[in-house]
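This report describes selected packing and surface features of one protein chain. The sequence and structure are shown below.

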Amino acid sequence: MQRRRAALIVGLGLAGLCIAPSALATTSIADIIAHPDDWANKQVTVIGTVVEWSLGYQGQSLYTIKGEDRRISIVSPNPAPTIGDRLQVSGQVRRRPPDEEFDFPPVILETGRQAAP
């Protein structure tokens, strides 16, 4: 009986460790926007609400999410989400170097998305 209880406690502890990193691993959209060069080419997970019209073409899409009062564009290989959807998006931050006339904002190349809690 004690072995089953110990196994249950260990199992629940391991399950908690598996769940906790995903909750802690989110990156602030505001931080990405404020320090785009620091985040360039890094994998991130952000949470935000779809706020702008989504552009979709042949199953791919471009949409904008807002979190922490900042916005970031998402380039996705998936169909466009609906405005108002709250999403958790994972992907790679891409940053085009600024030129003499324009400092290009960072975008995220989506590798995964799901409804956010």
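## Strand E4 and the nonpolar core

Leaving aside neighbours within four places in sequence, serine 76 is in contact with Gln60, Ser61, Tyr63, Glu110 and Arg113. The model is a predicted one. With arginine 113, the contact includes a polar one between the two side chains, at 3.0 Å. Serine 76 belongs to strand E4, and its relative accessibility is 3%; because buried means under 20%, this residue counts as buried.

Valine 75 also lies in strand E4. Its relative accessible area of 34% makes this residue partly exposed. The two residues are set out below.

| Residue | Element | Relative accessible area | Class |
|---|---|---|---|
| Serine 76 | strand E4 | 3% | buried |
| Valine 75 | strand E4 | 34% | partly exposed |

Valine 75 is a member of a nonpolar surface patch, together with Trp53, Leu55, Leu62 and Ile83. The accessible area of this patch is about 500 Å² in total.

Turning to the interior, the largest nonpolar core has 14 residues, of which Val46, Ile65, Ile72 and Ile108 touch the most other members. Two or more core residues come from each of helix H2 (29-34) and strands E1 (43-50), E3 (60-67), E4 (70-76) and E5 (86-94).

Isoleucine 108 has contacts, beyond its neighbours within four places in sequence, with Ile32, Val44, Val46, Ile72, Ser73, Ile74, Val75, Gly91, Gln92 and Val93. Valine 75, listed among these contacts, is thus a partner of isoleucine 108 as well as a member of the surface patch.

Technical notes: Residues numbered from 1 in each chain as written. Predicted model: local features only at pLDDT ≥ 70, side-chain atom pairs only at ≥ 80, totals over all residues. Heavy atoms only, no water. Core = buried A, V, L, I, M, F, W, Y, C linked by side-chain atoms within 4.5 Å. Buried < 20%, exposed > 50% of the residue type's maximum accessible area, 1.4 Å probe, protein only. Helix = DSSP H or I, 4+ residues; strand = E, 2+ residues; numbered from the N terminus. Contact = heavy atoms within 4.5 Å. Polar contact = N/O pair within 3.5 Å; in protein donor to acceptor, adjacent residues only side chain to side chain. Patch = residues over 30% accessible without salt bridge, like charges linked within 9 Å, V, L, I, M, F, W, Y side chains within 5 Å. Areas by Shrake-Rupley, 256 points an atom, 1.4 Å probe, with all protein chains shown as cover. Salt bridge = Lys/Arg side-chain N within 4 Å of Asp/Glu carboxyl O.
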